[in-house]
Amino acid sequence: MPSFDIVSEVDKHHLTNAVDQVNRTVTNRFDFKGVDAEVELSEFSLVVRAEVDMQVDQMVDMLRSALIKCDIDPLAMEVGEKEQSGKQVKVGVTLKNGLDKELSKKIVKLIKDEKLKVQAAIQGEQVRVTGKKRDDLQQVIALLRSKELEQPLQFNNFRD
């Protein structure tokens, strides 16, 4: 029986490349000369540090464009509140990895409301869709791509 998985994943290697690209750009830009500014990465959370909030905003924009260049959807990025500590301004950025229960339920409801001949089941941080025909599965993929969800989706493990 044909099936596929709906997931939301961020490739760790591409994320590391994007962060390195931003840090290299900051060291080479004229308006950041002599400024203590950098992006720190730990797992799927980032800390953007600079001396002024305008610089932090610029670095978040640089990070967003670097993520796009590294094939990571910027919808996965969740920017936190700015914090002033001493003469540094910090902002936390987390990348959504995996589907949470609410979004999984929303996806299953969207699929069931279309009344396609497929079954959708939540399995941890992914949703498995199975059906008798490959065309029905492709309709589900087209449906989900047309919807504006709060997180980027990938479709993998497509099996006939």
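Leaving aside neighbours within four places in sequence, which residues is serine 45 in contact with? They are Glu40, Val93 and Thr94. Serine 45 has its place in strand S3. Its relative accessible area is 29%, so serine 45 is partly exposed. Valine 22 sits 23 residues away along the chain, and 15 Å separates its C-alpha atom from that of serine 45. The model described here is predicted.

## Salt bridges

Strand S3 covers residues 45-50 and also holds arginine 49. Is arginine 49 buried or exposed? With a relative accessible area of 13%, arginine 49 is buried. Even so, arginine 49 takes part in salt bridges. One joins arginine 49 to aspartate 36, with the closest N and O atoms 3.6 Å apart. This pair links distant parts of the chain. Aspartate 36 lies in the loop between helix H1 (12-28) and strand S2 (38-42), 13 residues from arginine 49. Aspartate 36 counts as partly exposed, because its relative accessibility is 39%.

Another salt bridge brings together the side chains of arginine 49 and glutamate 40, at 3.2 Å from N to O. Glutamate 40 has a relative accessible area of 35%, so this residue is partly exposed.

Lysine 96 and glutamate 78 form a further salt bridge. Lysine 96 is in the loop between strand S5 (88-95) and helix H3 (101-113), while glutamate 78 is in strand S4 (residues 77-85), so the pair ties together parts 18 residues apart in sequence. Lysine 96 counts as partly exposed at 22% relative accessibility. Glutamate 78 is partly exposed too, at 43%.

Some bridges share partners. Through them, Asp36, Glu38, Glu40 and Arg49 become one network. How many salt bridges does a search of the whole structure find? The search finds 10. Among them are these:

| Positive residue | Negative residue | Closest N to O |
|---|---|---|
| Arginine 49 | Aspartate 36 | 3.6 Å |
| Arginine 49 | Glutamate 40 | 3.2 Å |
| Lysine 96 | Glutamate 78 | 3.9 Å |

## A charge without a bridge

Aspartate 136 belongs to helix H4, residues 134-146. Aspartate 136 is buried yet has no salt bridge. What is the nearest side chain of opposite charge? It is lysine 133, 5.6 Å away. A salt bridge needs a nitrogen within 4 Å of a carboxyl oxygen, so a pair beyond that cut-off does not count. Beyond its neighbours within four places in sequence, aspartate 136 is in contact with Leu116, Lys117 and Val118.

## Aromatic rings

How many aromatic pairs does the count come to? The count is two. In one, phenylalanine 4 and phenylalanine 155 meet edge-to-face, with 5.9 Å centre to centre and 75° between the planes. Phenylalanine 4 is in strand S1 (residues 3-7) and phenylalanine 155 in strand S8 (residues 154-159), so the pair ties together parts 151 residues apart in sequence. Both phenylalanine 4 and phenylalanine 155 are buried.

Phenylalanine 4 also pairs with phenylalanine 158. This pair is stacked, at 5.9 Å centre to centre and 10° between the planes. Strands S1 and S8 are linked here as well, across 154 residues. How accessible are the two partners? Phenylalanine 4 counts as buried because its relative accessibility is 0%. Phenylalanine 158 has 32%, so it counts as partly exposed. Together, Phe4, Phe155 and Phe158 form one aromatic cluster.

Another ring has a charge for company. The charged end of lysine 12 sits over the ring of phenylalanine 44, 5.4 Å from its centre.

## Nonpolar cores

The largest nonpolar core has 27 residues. Which of them have the most contacts inside it? They are Val48, Met59, Leu63, Leu67 and Leu95. The elements giving two or more residues to this core are H1, S3, helix H2 (53-69) and S5. H2 provides the largest share, seven residues.

Leucine 67 is one of the residues with the most contacts inside the core. Leaving aside its neighbours within four places in sequence, leucine 67 is in contact with Leu15, Ala18, Ile72, Met77 and Leu95.

A second, separate core has 19 residues. Phe4 is one of them, and others include Leu103, Ile107 and Ile111. Phe4 therefore belongs to this core and also to the aromatic cluster with Phe155 and Phe158.

How values were computed
Residues are numbered from 1 along each chain as its sequence is written. This is a predicted model: local features need pLDDT of at least 70, side-chain atom pairs count only at pLDDT 80 or more; totals for chains, interfaces and linings use all residues. Side-chain values use heavy atoms; hydrogens and water are left out. Helices (H or I, at least four residues) and strands (E, at least two) are DSSP runs, numbered from the N terminus. Buried means under 20% relative accessible area, exposed over 50%, partly exposed in between (1.4 Å probe, protein chains only). Lys and Arg count as positive and Asp and Glu as negative; His and the chain ends are not counted. Contact means heavy atoms within 4.5 Å. Rings of Phe, Tyr and Trp (its six-membered ring) pair if their centres lie within 6.5 Å; planes under 30 degrees apart count as stacked, over 60 as edge-to-face and the rest as tilted. A charge sits over a ring if NZ of Lys or CZ of Arg is within 6 Å of the ring centre and within 35 degrees of the ring normal. A nonpolar core is a set of buried Ala, Val, Leu, Ile, Met, Phe, Trp, Tyr and Cys residues joined through side-chain atoms within 4.5 Å.
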